[in-house]
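Work through the questions below with the coordinates open. Each answer gives its reasoning and then closes on the item asked for.

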Amino acid sequence: MAQGDNIIDLELYLIRHGQTWGNVGKKPAHETELDRKDVDLTPDGYRMAALLGERFETYPFDAVYASCLRRAVLTANAIVTRQPADGAKSVLLHPILTECGAGDDFEGLTLDEIRQFAPAAEPADGVDLSGPRVYPTKGWDDLRQLARAQETLAYLRARHHGGQKIAVVAHAAFNTFLFHAALGLDPTKVTFDPHFINTGVTKIVFFEPGTGRYGLDTLLIYSNDLSHLQRDYPELALYPTYI
């Protein structure tokens with residue numbers, strides 16, 4: 001898709017999952033074994049995810065990706081279930097999107113377990129979910145996390161171009177590294193935090209080389225937008241102080 005002399009190669013919508021019990025420092029009243037293995041969204045988290053899906057119900061994505069952790073899959077599923085007829089129909093699962101600091105003591109839910117709450121979940125292209133579904137990065141330093149983010153973007157950009165639009169639902173810390181990688185920032189030198197809020201949306205546009213606006217091939221359109229929460233959570237949409 002072209003805009004004037006600017007030729008868009010990819011529109012990336014980087015999204016954090018909805019609010020979880022871990023985010024509010026509580027446990028559900030009737031905690032299950034599944035909850036103990038893989039944290040669930042709170043009731044507010046489910047509502048936030050639903051409002052996110054409503055935001056994109058007339059905006060077709062070519063693909064919607066998520067980590068294999070339940071909170072990300074549930075949030076991505078809320079988008080997919082509200083997509084228009086020409087929009088994405090599956091939640092594409094990729095372990096590389098796992099939150100930073102995950103250990104190797106939890107392999108993640110199986111695909112069959114995930115499909116109990118997200119029937120449209122599928123392995124992303126080239127991904128084998130018969131092994132661990134969680135990407136262990138415990139103890140990694142910032143530069144190693146950045147390299148993982150760069151690998152993730154290379155994977156996405158190799159598969160989506162020509163003006164395609166994709167949503168990636170992941171986690172606060174790893175989204176920060178994806179943000180750094182997309183904008184060519186060194187996390188060891190950055191002096192600000194993009195502060196990703198639950199269901200916040202960050203839009204980054206990649207142009208074909210040499211065609212970008214202001215001489216740039218990558219452009220940040222907006223960061224951590226919460227306008228979809230304005231109706232039900234005006235205090236959060238206007239004053240985002242939650243974790």
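Q: Which residues of helix 6 are buried?
A: This is a predicted model. Buried here means under 20% relative accessible area. In helix 6, that condition picks out Gln145, Leu146, Arg148, Ala149, Thr152, Leu153, Tyr155 and Leu156.

Q: What covers the buried residues of helix 6?
A: The cover is counted by contact, with heavy atoms within 4.5 Å. It includes a helix as well as strands. Among the elements are strand 2, strand 3 (63–66), strand 6 (164–170), strand 7 and helix 7.

Q: How far apart are the end C-alpha atoms of helix 6?
A: Helix 6 has 18 residues. At 1.5 Å a residue they should span 26 Å. The model agrees, with the end C-alpha atoms apart by 26 Å.

Q: At what angle do the axes of helix 6 and helix 7 cross?
A: Helix 6 covers residues 142–159 and helix 7 covers residues 172–183. Their axes come within 8 Å. The crossing makes helix 6 roughly perpendicular to helix 7. The angle is roughly 70°.

Q: How do the residues of the contact of helix 6 with helix 7 divide into nonpolar, polar and charged?
A: Helix 6 brings Asp142, Gln145, Leu146, Arg148, Ala149, Gln150, Thr152 and Leu153. Helix 7 brings Phe174, Phe177, Leu178, His180, Ala181 and Ala182. The division is eight nonpolar, four polar and two charged.

Q: Which elements do the buried residues of helix 3 pack against?
A: The buried residues of helix 3 are Gly45, Met48, Ala49, Leu51, Leu52 and Gly53. They pack against both strands and helices. These are strand 2 (6–16), helix 4 (70–80), strand 7 (201–207) and helix 8 (234–238).

Q: What distance separates the end C-alpha atoms of helix 3?
A: Helix 3 runs over residues 43–55, which is 13 residues. At 1.5 Å a residue, the expected span is 18 Å. The model agrees with this, at 19 Å.

Q: Is Tyr46 buried, partly exposed or exposed?
A: Tyr46 is in helix 3. Its relative accessible area is 38%. The partly exposed class lies between the 20% and 50% cut-offs, so Tyr46 is partly exposed.

Q: Which residues is Tyr46 in contact with, leaving aside its neighbours within four places in sequence?
A: Tyr46 and Ala78 are 32 residues apart along the chain, yet their C-alpha atoms are separated by 8.5 Å. Ala78 is not in the contact list of Tyr46. That list holds Asp40, Leu41 and Leu74.

Q: Where is Tyr214, with its positive phi?
A: Most residues other than glycine have a negative phi. Tyr214 has phi near 55°. At 71% relative accessibility, Tyr214 counts as exposed. Its place is in the loop between strand 7 and strand 8 (218–225).

Q: Is Asn224 buried or exposed?
A: Asn224 is not a glycine, yet its phi is positive, about 55°. Asn224 is found in strand 8. Its relative accessible area is 13%, under the 20% cut-off. Asn224 is therefore buried.

Q: How many disulfides does the structure hold?
A: A disulfide needs two cysteine sulfur atoms within 2.5 Å. The cysteine sulfur closest to that of Cys68 is in Cys100, 15 Å away and too far for a bond. Cys68 is also buried, with a relative accessible area of 2%. The count of disulfides is zero.

Note on methods. Residues numbered from 1 in each chain as written. Predicted model: local features only at pLDDT ≥ 70, side-chain atom pairs only at ≥ 80, totals over all residues. Heavy atoms only, no water. Helix = DSSP H or I, 4+ residues; strand = E, 2+ residues; numbered from the N terminus. Expected span 1.5 Å × (residues − 1). Buried < 20%, exposed > 50% of the residue type's maximum accessible area, 1.4 Å probe, protein only. Axes fitted to C-alpha atoms, helices over the stretch in contact; angles between N-to-C directions. Parallel < 35°, antiparallel > 145°, perpendicular 65-115°, else oblique. Nonpolar A, V, L, I, M, F, W, Y, C, P; charged D, E, K, R; others polar.
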